Amino acid sequence: MTTDVWFTWPSREALSHEGLSRARLGIMWGVRGLLLGGMLWTAISEKGRDGWAWAVGVAMVLVMVVLTRAFWRQTLAHRLWPSLGLLALLMASALTAQRTDWDVFAIVVWCGCALSALERLPLGAAVPCTLVALGAYAVVNTDNWLTTALTTGGLGLAGYVLRLDAEARGSAQRLLAQERAARAAEAESAALAERARIAREIHDVLAHSLSAQLVHLEAARLMIEREPAGEFRDRILERVVAARSMARDGLAETRQALSALRGEITPVEEFLHTLVDGGGPGGPAGVEVAGERRPLPAEASQAVRRVAQEALTNVRKHAPGAAVAVRLEYLPDEVALEVRDSGGGRIADELAVSGSGYGLLGMRERAELLGGTLEAGPEEEGFVVRLRVPA
């Protein structure tokens, strides 16, 4: 046995109840309850079952329970001197009980100290404490030296077996945690590889296609502008310019999606400012950010971006010139987005008449897939979209 073994604490997994089944926990607490009840009943029986004996017995049991729980908490935190101090108080309380003729109470406490020390302390401190506790028990219980010797040896062996069992359980918990972490890392690595593959496919197909469209549309615009002015020429030029603008916006959004897939996404606040300033709905617009800013998970970040884009697109389409207020709030366990415009009921009316609203439906489905909510509808001063997603 090396020197390190004598001064090494049992792991925190071994000292906690982590990994214990409900059945085993129930049995453990049931045994403890029976032990406390039996100890109290036996101790009081020694003194006569009057009110004074009950009061003193209950008080002694409560003191022992409080000190024992404090000892367990200190050993769980790997604090040696507070743990030894509490163990000394328990032994002192047992000695006081023995001096006042509460022999059964004293014996149970000493035996419990021996078991707990072996199970929860470094061996270098556990062995001396166990020897002191079992020695005190042997001094008090002198009726039959053979029974006392066998009990003392059995308690020492039981304490060491409990320690080995706890260490085995702790090792199993650590291995399980490492396996889960390895699986999570493997899944994340696979997800990143798949996202990178999708990003390459999108870049090779969609981004190149949109870039080529932009080149051809720009060439078409230049050719049309050289033609003589006229109503037909102006209409064609207007359509080509609009198509070029949509292709440019589509290319920008494709690049943003590619950046998100590769994990190179810009902060949400910066994206919202760019969205409002660069492609605003035509009226006054502003962005407000509340709460402590923090990086968002990719799914939550994408949900906020897409909902903001869809909401502002609806404002541009159905309430042109309306003032827009965008508010992003970081909450303890989620992020909230609110897009409010001053367009009255026109958005709702237009959506209902035009048969649109699939954008709102898609936003709601995106939020619900993440465990969040989305509310959209007219209010007194305009149309409001509210999104909440875990983050």
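**Exercise 1. Strand pairing**

In which sense do S3 and strand S5 pair, and over how many bridges?

Solution. The structure above is a predicted model.

Step 1. Locate the two strands: S3 covers residues 334-341, and S5 covers residues 382-390.

Step 2. Read the pairing. S3 and S5 run in the antiparallel sense, with 7 bridges between them.

Step 3. Pick out a facing pair. Glu338 stands opposite Arg386 in S5.

Step 4. Turn to the other partner of S3. Strand S2 (residues 324-330) is joined to S3 by 7 bridges, and this pair is antiparallel too. S2 and S3 form a hairpin, with 3 residues between the strands. Here Arg327 stands opposite Glu338.

Step 5. Put the pairs together. Glu338 faces Arg327 on the S2 side and Arg386 on the S5 side.

**Exercise 2. A salt bridge of Arg327**

Find the residue that forms a salt bridge with Arg327, and classify both residues by accessibility.

Solution.

Step 1. The partner is Glu329, and the closest N and O atoms are 3.6 Å apart. The cut-off for a salt bridge is 4 Å, so this pair qualifies.

Step 2. Glu329 has a relative accessibility of 24%, so it counts as partly exposed. Arg327, at 27%, is also partly exposed.

Step 3. Other salt bridges share partners: Glu218, Arg221, Glu225 and Arg244 are joined into one network in this way. In total, the structure holds 11 salt bridges.

**Exercise 3. Two salt bridges within helix H8**

Compare the pair Arg183 and Glu179 with the pair Glu225 and Arg221: where do they lie, and is each residue buried, partly exposed or exposed?

Solution.

Step 1. Find the helix. H8 spans residues 145-225 and contains both Arg183 and Glu179. Glu225 and Arg221 also lie in H8.

Step 2. Check the spacing. Arg183 and Glu179 are 4 residues apart, about one turn of the helix. For Glu225 and Arg221 the separation is again 4 residues, about one turn.

Step 3. Read the N to O distances. The bridge between Arg183 and Glu179 is 2.6 Å. For Glu225 and Arg221, the closest N and O atoms are 2.7 Å apart.

Step 4. Classify the residues. Arg183 is exposed because its relative accessible area is 55%, and Glu179 is partly exposed at 37%. Glu225 is partly exposed, with a value of 37%. Arg221 has a relative accessible area of 15%, so it is buried.

**Exercise 4. The surroundings of Met363**

Is Met363 buried or exposed, and which residues does it touch?

Solution.

Step 1. Place the residue. Met363 belongs to helix H13, residues 358-369.

Step 2. Apply the cut-off. Buried means under 20% relative accessible area, and Met363 has 4%, so it is buried.

Step 3. List the contacts. Leaving out residues up to four places away in sequence, Met363 touches Val307, Glu310, Ala311 and Leu374.

Step 4. Take a distance. Between the C-alpha atoms of Met363 and Glu375 there are 9.5 Å, with the two residues 12 apart in sequence.

**Exercise 5. Two local features**

Identify the residues that make the nonpolar surface patch of about 300 Å², then describe the backbone and setting of His78.

Solution.

Step 1. The patch is made by Val5, Trp6 and Phe7. Phe7 lies in helix H1, residues 3-7. With a relative accessibility of 63%, Phe7 counts as exposed.

Step 2. His78 is not a glycine, but its phi is positive, at about 60°. The residue sits in the loop between helix H4 (51-76) and helix H5 (80-99). His78 is partly exposed, as its relative accessible area is 24%.

**Exercise 6. The whole chain and its confidence**

Give the overall composition of the model, and state where pLDDT stays under 50.

Solution.

Step 1. The protein has 13 helices and 5 strands. Of its 391 residues, 34% are buried.

Step 2. The accessible surface is about 22300 Å², and carbon and sulfur atoms account for 60% of this area.

Step 3. Consider contacts between residues at least 6 apart in sequence: 69% of them join residues at least 24 apart.

Step 4. The average pLDDT is 78, and 82% of the residues score at least 70. Over residues 345-357, pLDDT stays under 50; the model has 18 contacts for this stretch beyond four places in sequence. Where pLDDT is low, predicted coordinates should not be read in detail.

Technical notes. Residues are numbered from 1 along each chain as its sequence is written. This is a predicted model: local features need pLDDT of at least 70, side-chain atom pairs count only at pLDDT 80 or more; totals for chains, interfaces and linings use all residues. Side-chain values use heavy atoms; hydrogens and water are left out. pLDDT is the predictor's confidence in each residue, from 0 to 100. Contact means heavy atoms within 4.5 Å. Patches are made of residues with over 30% relative accessible area and no salt bridge: like charges are joined within 9 Å, nonpolar side chains (Val, Leu, Ile, Met, Phe, Trp, Tyr) within 5 Å. Accessible areas come from the Shrake-Rupley method with a 1.4 Å probe; for residues, only the protein chains shown count as cover. A salt bridge is a side-chain nitrogen of Lys or Arg within 4 Å of a carboxyl oxygen of Asp or Glu. Buried means under 20% relative accessible area, exposed over 50%, partly exposed in between (1.4 Å probe, protein chains only). Two strands pair if DSSP finds at least two bridges between them.
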